[in-house]
Amino acid sequence: MRLHSPELLWKWSRDLLHRGWKLPARIVKTLNFALHKCLLPAEAAVGEDLILEHYALGIVMHPQVRIGKRCRIYHHVTLAAETWIGSPHFITLEDDVTIGAHSIVVARPNTPLTIGQKSTLGAGSVLTKSIPPFEIWAGNPARKIGDVSKPS
């Protein structure tokens, strides 16, 4: 991970909030926005080895987001949950998910949305419902266009 990477700054922001240091967490979040033009909330849960391509340029996330391990998110992606912070409803990206550039993921009001393990959402897609594991979706509105090979 690059020393000045948005992933590292986001991790620091999440760690600070987890320790109860709200103001320093907000300062690091603001620094990340100033440097990389992304809104990455400290309240989000993020797994290991997340890759935010193109220095996370233009990525916007709601705090009600859970991201699994080894996910890859390209630039100008929006993950928007129509719910309040602290609600039981989340946008969940399971392990090994890829989201293409300029995609929009919007969970309907007070409804969870899950993108299944190893699934891919194509560039420029608009997604409003869950994707099962091992599927490729794209378009506006997003629909299934293929399958990802399952491991043997």
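**Entry 1: the parallel sheet**

I began with the open sheet of 4 strands, which I find in the order S1-S4-S7-S10 with parallel pairing. At its edges lie strand S1, residues 45-46, and strand S10, residues 113-115, and each of these pairs on one side only. I note here that the model is a predicted one, and I keep that in mind for everything below.

Next I looked up how S10 is held, and found that strand S7 (residues 91-93) runs parallel to S10 and is joined to it by 3 bridges. Within that pairing, Thr92 has Thr114 in S10 as its bridge partner.

For the opposite edge I picked Ala45, which is placed in strand S1. Is Ala45 buried, exposed or partly exposed? Its relative accessibility is 40%, so Ala45 counts as partly exposed. Setting aside residues up to four places away in sequence, I see that Ala45 touches Val65, Arg66 and Ile67. I also checked Ala45 against Leu8: the two are 37 residues apart in sequence, and their C-alpha atoms are 14 Å apart in space.

**Entry 2: the mixed sheet**

I then turned to an open sheet of 6 strands, in the order S2-S5-S8-S11-S13-S14, where the pairing is mixed. Its edge strands are S2 (51-52) and S14 (143-147), each of which pairs on one side only. As background, I remind myself that strands of a sheet pair through backbone hydrogen bonds, either parallel or antiparallel. At the S14 end I looked up the sense of the pairing, and strand S13 (residues 135-138) and S14 turn out to be antiparallel, with 4 bridges between them. One residue pair I wrote down from this is Trp137, whose bridge partner in S14 is Lys144.

**Entry 3: S6 and its partners**

From there I followed strand S6 (residues 78-81), which runs parallel to strand S9 (residues 104-107) and is joined to it by 4 bridges. Ala80 has Val106 as its bridge partner in S9, and Ala81 stands opposite Ala107 in S9. S6 is also joined by 2 bridges to strand S3 (residues 60-61), again running parallel, and there Met61 has Leu79 of S6 as its bridge partner.

Which side chains of S6 point to the buried face? The side chains alternate along the strand: Leu79 and Ala81 point to one face and are buried, while Thr78 and Ala80 point to the other and are not. I set this beside the general pattern, in which the side chains of a regular strand alternate between the two faces of the sheet.

S9 in turn is joined to strand S12 (residues 126-127) by 2 bridges, and these strands run parallel; Val105 is the residue that stands opposite Leu127 in S12.

**Entry 4: Ser103**

I stopped at Ser103, which I find in the loop between strand S8 (98-99) and S9. With 0% relative accessibility, Ser103 counts as buried. What does its side chain reach at 2.9 Å? I find the backbone oxygen of Gly122 at that distance from the side chain of Ser103. Apart from neighbours within four places in sequence, Ser103 is in contact with several residues, among them His76, Val77, Thr78, Leu121 and Ser125.

**Entry 5: helix H2**

Helix H2, residues 22-36, has 15 residues and reaches 21 Å from its first C-alpha to its last, which is close to the 21 Å expected at 1.5 Å a residue. I listed Ala25, Val28, Asn32 and His36 as buried residues of H2. Why do the buried residues line one face of the helix? Seen down the axis of H2, they fall within an arc of 65 degrees, so they line one face. On the other side I find Lys22, Leu23, Arg26 and Ile27 exposed. Helix H1 (6-18) is included in what covers the buried residues of H2. Just after H2 comes Lys37, with a positive phi near 55 degrees.

**Entry 6: the cysteines**

Last, I searched for disulfides and found that the structure holds 0. The sulfur of Cys38 has its closest cysteine sulfur in Cys71, 17 Å away, which is too far for a bond. I noted that Cys38 is buried, with a relative accessible area of 1%, and that Cys71, at 1% relative accessibility, counts as buried.

Note on methods. Residues are numbered from 1 along each chain as its sequence is written. This is a predicted model: local features need pLDDT of at least 70, side-chain atom pairs count only at pLDDT 80 or more; totals for chains, interfaces and linings use all residues. Side-chain values use heavy atoms; hydrogens and water are left out. Two strands pair if DSSP finds at least two bridges between them. The expected span of a helix is 1.5 Å times one less than its number of residues. Buried means under 20% relative accessible area, exposed over 50%, partly exposed in between (1.4 Å probe, protein chains only). The arc is that of the directions from the helix axis to the C-beta atoms. Contact means heavy atoms within 4.5 Å. A polar contact is a pair of N or O atoms within 3.5 Å; within protein, one must be able to donate a hydrogen and the other to accept it, and residues adjacent in sequence count only if both atoms are side-chain atoms. A disulfide is a pair of cysteine sulfur atoms within 2.5 Å.
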